[in-house]
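I opened my notebook today to look at one helix and some charged pairs. Here is what I looked up, entry by entry.

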Amino acid sequence: MERDAKPKAPAKRKGTSARQYERPRGGSARAVGDLMPHIGRTAFRRFGFVQSSVVSRWPEIVGERHARVCAPESIRFPPGEKSDGILQLVVLPAHTPIIQHVIPEIMERVNRFFGYKAVARVKMRQGAVQAAPLEEKPKAPPSLKPIPMELGDSLRDIGDPELRAVLEGLARSLGGQET
């Protein structure tokens, strides 16, 4: 009798219907390269970096020599502030005493990179450092046009190769206009 009766299904309320979730559309497709800074920024902030460029430009900030033996791990700021932080470095064990002596220089360079006193202390942790791959900048192909004779001798005295290349290009472009 009561056992034979089927259980009643729960009654549906009027006015409430289950809506399916729809992902908001973002418009046209975007290249993955455009999305990467946003993804990286989130990950870096999670691990203590306000600016991901500190990690990506570390060899420029401290120099190639120090970048091979130490790497930034995180920057921790006091709650609610963006200055007087603590920079955590990972240093190769054999190089820890050397890096200990150049910490004031590293702090100065990092603060110069930020433009204000972002780092007040540096903590070191010994560990493996991932060496940055040596990237050779692609060289510009040599121009086929010769440098005008009247400008060739004056360009030899310039010691900076980058400046010399720029001035040679300028001389070539001016040489082509005087015809």
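These entries go through a helix first and then the salt bridges.

**Entry 1: the model.** I am working from a predicted model, so every value below is computed from it.

**Entry 2: length of H6.** I checked whether the span of helix H6 fits its residue count. H6 runs over residues 103-114, which makes 12 residues. At 1.5 Å a residue the helix should span 16 Å, and I find its end C-alpha atoms 16 Å apart, so the two agree.

**Entry 3: the two sides of H6.** Which residues of H6 are buried? I noted Ile103, Ile106, Met107, Val110, Asn111 and Phe114. These buried residues cover an arc of only 130° around the axis, so they sit on the same side of H6. On the other side of the helix I found Pro104 and Arg112 exposed.

**Entry 4: what covers the buried residues.** I then looked up what lies over the buried residues of H6. The cover includes helices H2 (53-56), H3 (58-62) and H5 (96-101). It also includes strands S1 (70-76), S2 (85-91) and S3 (119-126).

**Entry 5: just past the helix.** Right after H6 I came to Gly115, which takes a positive phi of about 95°.

**Entry 6: salt bridges.** How many salt bridges are there? My count comes to 5, and I wrote up three pairs, as follows.

- Arg109 and Glu105 join their side chains in a salt bridge at 2.7 Å, N to O. Both residues lie in helix H6, 4 residues apart, or about one turn of the helix. I have Arg109 as partly exposed, with a relative accessible area of 25%, and Glu105 as partly exposed at 32%.
- Arg112 and Glu108 also form a salt bridge through their side chains, at 2.7 Å, N to O. This pair is 4 residues apart in helix H6, which means a separation of about one helical turn. Arg112 is exposed, with a relative accessible area of 57%, while Glu108 counts as partly exposed at 45%.
- Glu60 and Arg57 meet in a salt bridge between their side chains, at 3.2 Å, N to O. Glu60 is exposed at 59% relative accessible area, and Arg57 is partly exposed at 38%.

**Entry 7: looking back at Arg112.** I kept one cross-reference for myself. Arg112 turned up in Entry 3 as an exposed residue on the other side of H6, and again in Entry 6 as the salt-bridge partner of Glu108.

Conventions. Residues numbered from 1 in each chain as written. Predicted model: local features only at pLDDT ≥ 70, side-chain atom pairs only at ≥ 80, totals over all residues. Heavy atoms only, no water. Helix = DSSP H or I, 4+ residues; strand = E, 2+ residues; numbered from the N terminus. Expected span 1.5 Å × (residues − 1). Buried < 20%, exposed > 50% of the residue type's maximum accessible area, 1.4 Å probe, protein only. Arc of directions from axis to C-beta. Contact = heavy atoms within 4.5 Å. Salt bridge = Lys/Arg side-chain N within 4 Å of Asp/Glu carboxyl O.
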